[in-house]
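Hello,

Here is the structure we talked about handing over. Please open it first, then read my notes below.

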Amino acid sequence: MSADSRIEAITARIVERSKPLRERYLDRLRSAVSKGVHRSVLGCGNLAHGFAVCSPAEKAALAGDRIANLGIITSYNDMLSAHQPFETYPALIRQAAHEAGGVAQVAGGVPAMCDGVTQGQPGMELSLFSRDLIAMAAGVGLSHNMFDAVVYLGVCDKIVPGLTIAALTFGHLPAIFVPAGPMTSGLPNDEKARVRQLFAEGKVGREELLEAESKSYHGPGTCTFYGTANSNQMLMEIMGFHMPGASFINPGTPLRDALTKEAARRALAITAQGNEFTPAGEMIDERSIVNGVVGLHATGGSTNHTLHLVAMARAAGIVLTWKDISDLSDIVPLLARVYPNGLADVNHFHAAGGMGFLIKELLRAGYLHDDVRTVYGQGLHAYAIDPKLGEDGNVRREPAPIVSHDPKILANVEHPFQRTGGLKMLTGNIGSAVIKTSAVKPERHVIEAPAKVFHDQAGLNAAFKAGQLEGDFVAVVRFQGPKANGMPELHKLTTVLGILQDRGQRVALLTDGRMSGASGKVPAAIHVTPEAVDGGPIARIREGDMIRLDAVHGTVEVLEDATTFAARTPATADLTENEFGMGRELFAPFRAIAGPADHGASVLFA
Ligand SMILES: O=C(O)[C@H](O)[C@@H](O)[C@H](O)[C@H](O)COP(=O)(O)O
Ligand code: SF4
């Protein structure tokens, strides 16, 4: 069944726009594929180094070119709750590969930053750049040219985008993403947010706050709000990089392990040595990317993917724009209410029918391209399933439920929570920005108020503590772009702005920085480009200027005389504090060459 004609039209314009880059990309990919089993071009010395610690049987197997060798790229570390479970995955994958007649080796590790640990801290200024660094680090592992397919172990915010950039850069190899799954539900996310606001108002102490936070983030697995990490899982499933049903199964369960072993077997089956060769760069095309954007809108996914998905697509020679994302938002309905877009968490989402129900509904309405390749085979309809553990200990897949098990969390397409999706592009006389509307009440989709200008989030928090944030206002927090200080998330502002909004003030945020995928209820025009440090118009805004943020009509404007506004000298900021400390000195080259937000804010693509 073909997709809705409007979606087909947007896909067609992406294909047309991408043609020059995509054709060159596919030529390079096919040339790499034509060289046959990649390790066969290695000299004996190279090969001996490459399998020195393998068993004699594995060495004999790898010396030929009939046995497939899986490279594992892992982002394991003990600190990220979502990545700690990966400690045991390589052994599981090696065993499954061996049982299936193949070999598996950890090809390399990549760094994984927790944006929860660095939120509001200097380390957050490395976060966005870590995405491209992860792609580069994965490339170092894969550059040994020993592998016939790759299994990527990653979950969180910048890690899956970085690994996807690597997977598409090594697009001549099949790639399967293996998640660790969400932690079990703890203190509800809205209760966590409530205690934070009480602490910010001095109504509870640090002990109560830490107790609430620790009950919310309490064990292995991905944090249960629908932020960037869980948006990543949705994307990997709907784009066909996951095995069907893999996204939201809790770590340490038999079904989780069965999915991991199944992924290892499947990776061996889709190498060039088999009959279902599925190179990642051919599997992912413009339709897969559009399916990813559709999934973002239908679930109220993270604003960070207006940066990451653009960069991920670009790695495959596909040019995705904010207008594509915004136009799809006007078509695709919101079908999920998961925090911050509702009170449920991803475990409740999965129990309500999860990805299988979502994909079934979106396919049924023509919002998704079904005619896509995936790691599982041809056609996205194979993902409209409910994963179960079979008697034999393997994965058994039942059809997705016909009706949602909880219509308050997962709606059908006839009765969506919102007729349009979650992510809109805003344009106007200060450039372009994005806004996530799915978590903002409709009565706050248009805000017109005077500007209060800050050059960092500490300034805004200090003004709050001094009782200076009275009345309606648009907080302009600038010099937070990629070239200024690495484009940090300013999620800590959600608490303060949320308090003022709850008191009845009409407030909004306007920034060239980012917000967390977990940010939500305060209207925020973010990722403003051109950024302040590049002399963007945001640098010409002055205290008291009237600002109008209109998510309904997709505009963000400074309501000052155009000639006067254009004649102003842009403000400057002292960024020396952002150049040193917590490793920021190591990323000066990244700040110097980072591209604009609407091109993915990447150091890899202009
Ligand atoms: O984009 C995201 O989803 C966020 O970066 C998320 O990964 C981050 O960890 C938040 O900061 C968590 O929320 P709290 O800071 O509210 O715990
Ligand atoms: S979801 Fe965010 S807070 Fe949770 S482990 Fe991942 S990066 Fe850290």
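How many nonpolar, polar and charged residues are in the shell around ligand 2? There are six nonpolar, four polar and two charged. Bear in mind that this is a predicted model.

**Ligand 2**

The residues around ligand 2 come from several stretches of the chain. Leu 80, Ser 81 and Ala 82 are there, with Cys 114, Asp 115 and Gly 116. Cys 156 and Asp 157 also belong to the shell. Thr 222, Cys 223, Gly 227 and Ala 229 complete the list.

Two of these cysteines have a record behind them. UniProt, in an unreviewed entry, marks Cys 156 and Cys 223 as "binding site". They span 68 residues in sequence, yet their C-alpha atoms are no more than 9.4 Å apart, so they gather at one spot.

Take Cys 156 first. This cysteine sits in the loop between strand S3 (149-153) and helix H7 (159-169). Cys 156 counts as buried because it has 25 C-beta neighbours inside 10 Å; the cut-off is 20 or more. Setting aside residues up to four places away in sequence, Cys 156 touches Leu 80, Ala 82, His 83, Ala 112, Cys 114 and Ala 229.

Now Cys 223. Its loop runs between helix H9 (206-216) and H10. Cys 223 is buried too, with 26 other C-beta atoms within 10 Å. Beyond its neighbours within four places in sequence, Cys 223 contacts Ser 81, Gly 116, Met 183, Tyr 217 and Ala 229.

**Ligand 1**

Ligand 1 is surrounded by 14 residues. The closest are Asp 115, Gly 116, Gly 227, Thr 228 and Gly 517. By class, the shell has two nonpolar, nine polar and three charged residues. Which helices each supply at least two residues of this shell? They are helix H5 (115-118) and helix H10 (228-238).

Asp 115, Gly 116 and Gly 227 are also listed around ligand 2.

**The fold**

The protein has 22 helices and 16 strands. Its radius of gyration is 24 Å, close to the 25 Å that the globule rule gives for 606 residues, so the protein is as compact as a globular protein of that length. The C-alpha atoms fill a box of roughly 75 × 55 × 50 Å along the principal axes. Buried residues account for 58% of the 606. Of the contacts between residues at least 6 apart in sequence, 77% join residues at least 24 apart.

UniProt annotates two domains, both in an unreviewed entry. "Dihydroxy-acid/6-phosphogluconate dehydratase N-terminal" covers residues 69-381. That span is 46% helix and 8% strand, and its end C-alpha atoms lie 30 Å apart. "Dihydroxy-acid/6-phosphogluconate dehydratase C-terminal" covers residues 408-601. Here the figures are 18% helix and 24% strand, with the end C-alpha atoms 36 Å apart.

**Two helices to look at**

Is helix H14 (residues 305-314) enclosed or open? Ten of its ten residues are buried, so H14 is largely enclosed by the rest of the structure. Among them are His 305, His 308 and Arg 314.

Helix H2 (residues 44-50) holds Asn 46. Asn 46 has 13 C-beta neighbours inside 10 Å and counts as partly exposed. Asn 46 and Arg 6 are 40 residues apart in sequence and 52 Å apart in space, C-alpha to C-alpha.

**Confidence**

The protein averages a pLDDT of 95, and 100% of the residues score at least 70. For the complex, the predictor gives an ipTM of 0.97 and a pTM of 0.96.

Best wishes

Methods. Residues numbered from 1 in each chain as written. Chains lettered and ligands numbered in written order. Predicted model: local features only at pLDDT ≥ 70, side-chain atom pairs only at ≥ 80, totals over all residues. Near = placed C-beta within 6 Å. Nonpolar A, V, L, I, M, F, W, Y, C, P; charged D, E, K, R; others polar. Buried ≥ 20, exposed ≤ 12 C-beta atoms within 10 Å, placed from the backbone. Helix = DSSP H or I, 4+ residues; strand = E, 2+ residues; numbered from the N terminus. UniProt positions renumbered as here; feature names shortened; annotations may be inferred. Rg over C-alpha atoms; globule rule 2.2 N^0.38 Å. Contact = placed C-beta atoms within 7 Å. pLDDT = per-residue confidence, 0-100.
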